[in-house]
Amino acid sequence: MNFKVTNKLTLANNTKRLDILAPAIAKKVKPGQFVSIVIGEGDERIPLTVIDQDLKKGTITIIFKEAGDSTKKLGELSINDDIQTILGPLGRPSTIEKVGRIVCITSGIGTAQILPICRALKNVGNKVVGIVGARTRRSMMVEAQMRLTCDKLFCTTEDGSYERKGVVTDVLTEVLERNEVNLIYCIGSAEMMEAVSQMSRDKKIKTIVHLNPIMVDCMGMCGSCRVKVDGKYVLGCIDGPEFDGHLVDFKDYKIRLNAFEETEEWRKHRLQPKTKTNETKTFKRFLSGILRN
Amino acid sequence: MQGCPLGINIPGFIRNLREGDVGRAYEVIREQNLFPSICGRVCSAPCEVSCILTDEGSPIGIRALERYCSDNGRSRSSRKDKIYRKGKKIAVVGSGPSGMSAAAQLAQKGYQVTIFESLDAPGGVLRYGIPEFRIPKKILDFEINEIRNLGVDIQTNFFIGQNASLEDLFEQGFVAVLLATGAGTPKFVDLPGSNLGGVYYGEEFLMRVNLIKSTLFSRTTPNFVLGQRIAVIGSGNTALDCARAAKRFGRDVTLIFRRTEDDMRTRRDERDFAKEEGVEFEPLVKPIEILADQNNFVDGLKCVRMDFAESSKDQWELARVPDSEFVLEADTVIIAVGHIPNFLKSMDANNQLNLSSDGTIEVDPKTSQTSIPKVFASGNVVTNAGPIVEAIAGGKQVAERMDRYLKR
């Protein structure tokens with residue numbers, strides 16, 4: 001199996017969209033599921049949500065933000081480049097049921113992740129209200145597709161450069177006051193999801209959050225993506241990525257996300273590997289290093 | 001000879017070695033064991049325990065002899081062309097030690113075997129769990145190539161349960177399925193602070209280490225957050241592997257465990273290697289809390305000393321020494337205290353697979369069959385924990401049972 005990039009678009013600053021030829025995955029993938037991508041030999045595995053699939057061409061679409069070394073390398077790929085492996089679909093698909101009026105609330109890169117779920121929810125006959133937040137007008141993405149999918153879409157920007165100024169939770173309060181809402185679907189930063197869960201807990205509305213913990217192998221073998229739900233550690237890659245927002249321990253989730261953000265202090269550790277005796281590397285040791293390879 | 005779970009003719013191959021015929025010794029081993037070079041490196045060597053010389057001093061170094069044979073006797077038997085088989089189709093899920101040995105045995109019996117592996121290279125725990133210095137990747141690739149030459153088809157990047165279910169496999173024409181998915185999910189411990197930054201589970205750490213591209217320059221720089229003083233909790237082989245792998249990054253490593261050093265579930269020479277490399281051992285210490293700094297990273301490990309105390313009538317039990325709490329300086333903690341079987345529920349959509357309370361598959365002890373007809377299981381997914389040689393022996397056993405079942 002070889003996976004080829006068939007299309008590439010830059011959606012916003014540092015945010016890119018890739019279409020990748022993967023017919024077997026495109027046939028099987030359901031909304032809410034993700035794939036794990038290895039670009040070349042010895043690279044990290046990157047878990048990314050599948051935004052869309054094209055059965056005729058056999059492609060899947062992914063949207064990602066360039067944050068670390070690996071996603072930067074993925075962003076540097078051009079059309080017709082090969083990707084070593086894509087494993088998927090992984091994770092549980094979203095539960096798509098007809099419940100009535102649903103609020104889909106997102107911010108940042110979550111907007112892309114919620115798009116397939118919105119489409120599926122709309123297709124089974126729900127009324128979908130979308131609330132989309134972004135930092136500026138330029139970082140707003142897939143807005144046109146969201147507008148086509150949702151029955152009503154509210155857009156907010158933090159600096160007020162597009163539609164209304166503010167954050168998504170302000171809009172949610174207004175929507176909850178005016179309408180009866182049966183389900184809230186929420187993807188975004190940990191702070192945003194925590195705030196939304198807090199608001200809906202008071203009104204007793206079922207809330208589903210979509211967590212994106214750090215993963216290593218994406219198959220439930222390392223325990224890196226552990227999240228505390230209902231007082232118990234579960235694996236985000238297998239039991240997730242969807243969880244009941246009222247049960248997730250967001251404090252724990254924030255610590256886990258923070259665990260891989262390198263501070264300056266840590267970077268120093270990484271660049272200066274020291275042995276206990278502090279002896280300098282002699283030419284002989286250097287040579288033995290070469291010969292061992 | 002009784003000691004070996006695989007039933008290698010140990011006196012036979014040693015006799016050949018004494019006569020100076022390494023190639024024939026290698027062939028004698030390969031009659032029973034298809035991974036001599038891997039067993040020669042990581043086997044827990046139960047044969048040396050049952051060696052008759054153990055009582056009189058030290059046993060014969062059978063493991064070292066096996067390793068010597070596999071490294072030097074290879075040229076005579078290798079370099080065969082790939083065989084194409086035309087028997088009944090059998091699917092093996094998982095390409096770890098157990099799955100591979102079962103696949104090789106079944107292929108030798110004439111079946112058409114396909115291994116499904118979810119990661120991008122076969123080997124399972126041998127590739128992603130055991131670090132390079134214990135099993136070099138070159139040797140592993142050689143062994144896997146031998147199995148490919150037997151006519152086994154290995155499909156990597158294929159996750160049974162997500163890419164295809166068990167029913168799909170039967171629809172594709174497989175007459176039997178062997179589940180050898182292994183036990184690699186870490187057991188989550190109830191230690192306060194185990195969610196902090198800089199806390200890794202042993203499996204995660206080893207997988208991250210094994211995924212680093214090993215070049216001249218990247219070998220000493222990890223691509224993940226790793227502190228200067230590392231504390232490894234655990235007393236098994238995984239803990240020792242973690243400690244030695246961390247030591248290779250040039251860090252100060254302390255190994256903490258609750259038991260005494262003689263009670264460790266590792267071989268003595270492995271411990272000696274670790275000590276020689278500079279891993280500090282702290283026996284009879286129990287961690288009780290991981291301390292956090294203001295950025296929610298590890299700042300130290302609060303421990304308490306343990307010692308033997310008389311509980312009742314000549315019964316000695318480990319108990320806390322009063323007022324012996326101390327803080328061990330550490331900025332990374334690796335927890336390697338055990339594992340549970342890998343996730344299986346996505347495999348059967350109808351919930352037909354009977355699992356016991358700890359997550360292992362329940363099998364018929366006589367036939368190795370699971371609760372689903374035509375589905376077998378072997379390896380650590382059944383036994384939950386055990387040395388690699390037991391998993392290889394289990395795979396060999398289940399292959400014979402599957403053969404008997406299919407010929408019925």
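Start by selecting Gly359(B), which counts as partly exposed because it has 18 C-beta neighbours inside 10 Å, where 20 or more would make a residue buried. The model is predicted. Gly359(B) sits in the loop between strand 15 (339–340) and strand 16 (375–377) of chain B. Show its contacts next: leaving aside neighbours within four places in sequence, Gly359(B) is in contact with Ile340(B) and Pro341(B). Then draw a distance from the C-alpha atom of Gly359(B) to that of Val381(B), 22 residues apart along the chain; the separation is 8.2 Å.

**Domains of chain B**

Colour chain B by its domain assignment: domain 1 (10–76), domain 2 (89–183 + 341–407) and domain 3 (186–339). Domain 2 of chain B is thus written as two segments. The C-alpha centres of domain 2 of chain B and domain 3 of chain B are 31 Å apart. Where these two domains touch, nine residues of domain 2 of chain B are in contact with 10 residues of domain 3 of chain B. On the domain 2 side of this contact, five residues are nonpolar, one is polar and three are charged.

**Strand 1 of chain B**

Within domain 2 of chain B (89–183 + 341–407), select strand 1 (residues 89–93) of chain B, where four of the five residues are buried. Which strands pair with strand 1 of chain B? One is strand 2 (residues 112–116) of chain B, joined to strand 1 in parallel by five bridges. Another is strand 4 (residues 176–179) of chain B, also paired with strand 1 in the parallel sense, over four bridges. Val93(B) shows both pairings: its bridge partner in strand 2 of chain B is Phe116(B), and its bridge partner in strand 4 of chain B is Leu179(B).

Now trace the chain onward from strand 1 of chain B. The path goes through helix 6 (residues 97–108) of chain B to strand 2 of chain B, and this β-α-β crossover is right-handed.

**The nonpolar core and helix 11 of chain B**

Which residues have the most contacts inside the largest nonpolar core? They are Ala103(B), Leu178(B) and Val232(B), in a core of 191 residues. Helix 14 (residues 388–407) of chain B gives this core its largest share, eight residues.

Centre the view on Val232(B). Not counting residues up to four places away in sequence, Val232(B) touches Ala239(B), Cys242(B), Ala243(B), Ala246(B), Val253(B), Leu255(B), Ile256(B), Ile334(B) and Ala336(B). Among these, Ala239(B), Cys242(B), Ala243(B) and Ala246(B) are buried residues of helix 11 of chain B.

Select helix 11 (residues 237–247) of chain B. How many of its residues are buried? The count is 11 of 11. The buried set includes charged side chains, with Asp241(B), Arg244(B) and Lys247(B) among its members. Display the surrounding elements to see what the buried residues of helix 11 of chain B pack against: helix 10 (202–211), strand 7 (229–233), strand 8 (252–256), helix 12 (268–277) and strand 14 (332–335) of chain B.

**Chain A**

Move to chain A, which has nine helices and 16 strands. Of its 293 residues, 46% count as buried. Among contacts in chain A between residues at least 6 apart in sequence, 65% join residues at least 24 apart.

Colour the two assigned domains of chain A, domain 1 (3–90) and domain 2 (101–258). Their C-alpha centres lie 22 Å apart. The contact between them uses 16 residues from domain 1 of chain A and 17 residues from domain 2 of chain A. On the domain 1 side, strand 1 (3–12), strand 3 (34–38), strand 4 (46–54) and strand 5 (59–65) of chain A each supply at least two residues. Strand 4 of chain A gives the most to that side, with four residues. By class, the same side of domain 1 of chain A holds eight nonpolar, five polar and three charged residues.

**The seven-stranded sheet of chain A**

For the last stop, select the open sheet of chain A with the strand order 11-10-9-8-12-13-16 and mixed pairing. Why do strand 11 (164–165) and strand 16 (242–244) of chain A each have one side without a neighbour in the sheet? They stand at the edges, each with a single partner strand, so one side of each is left free of a neighbour. Inside the sheet, strand 8 (residues 101–107) of chain A runs parallel to strand 12 (residues 183–187) of chain A, and five bridges join them. Zoom in on Val103(A) to finish: its bridge partner in strand 12 of chain A is Ile184(A).

Key: Residues are numbered from 1 along each chain as its sequence is written. Chains are lettered from A and ligands numbered from 1 in the order in which they are written. This is a predicted model: local features need pLDDT of at least 70, side-chain atom pairs count only at pLDDT 80 or more; totals for chains, interfaces and linings use all residues. Domain bounds come from an automatic or database domain assignment. Two residues are in contact if their C-beta atoms, placed from the backbone, lie within 7 Å. A residue is buried if 20 or more other C-beta atoms lie within 10 Å of its own, exposed if 12 or fewer, and partly exposed in between; C-beta atoms are placed from the backbone. A nonpolar core is a set of buried Ala, Val, Leu, Ile, Met, Phe, Trp, Tyr and Cys residues joined through C-beta atoms within 7 Å. Two strands pair if DSSP finds at least two bridges between them. A crossover is right-handed if, with the strands pointing away from the viewer, the path from the first strand over the helix to the second runs clockwise.
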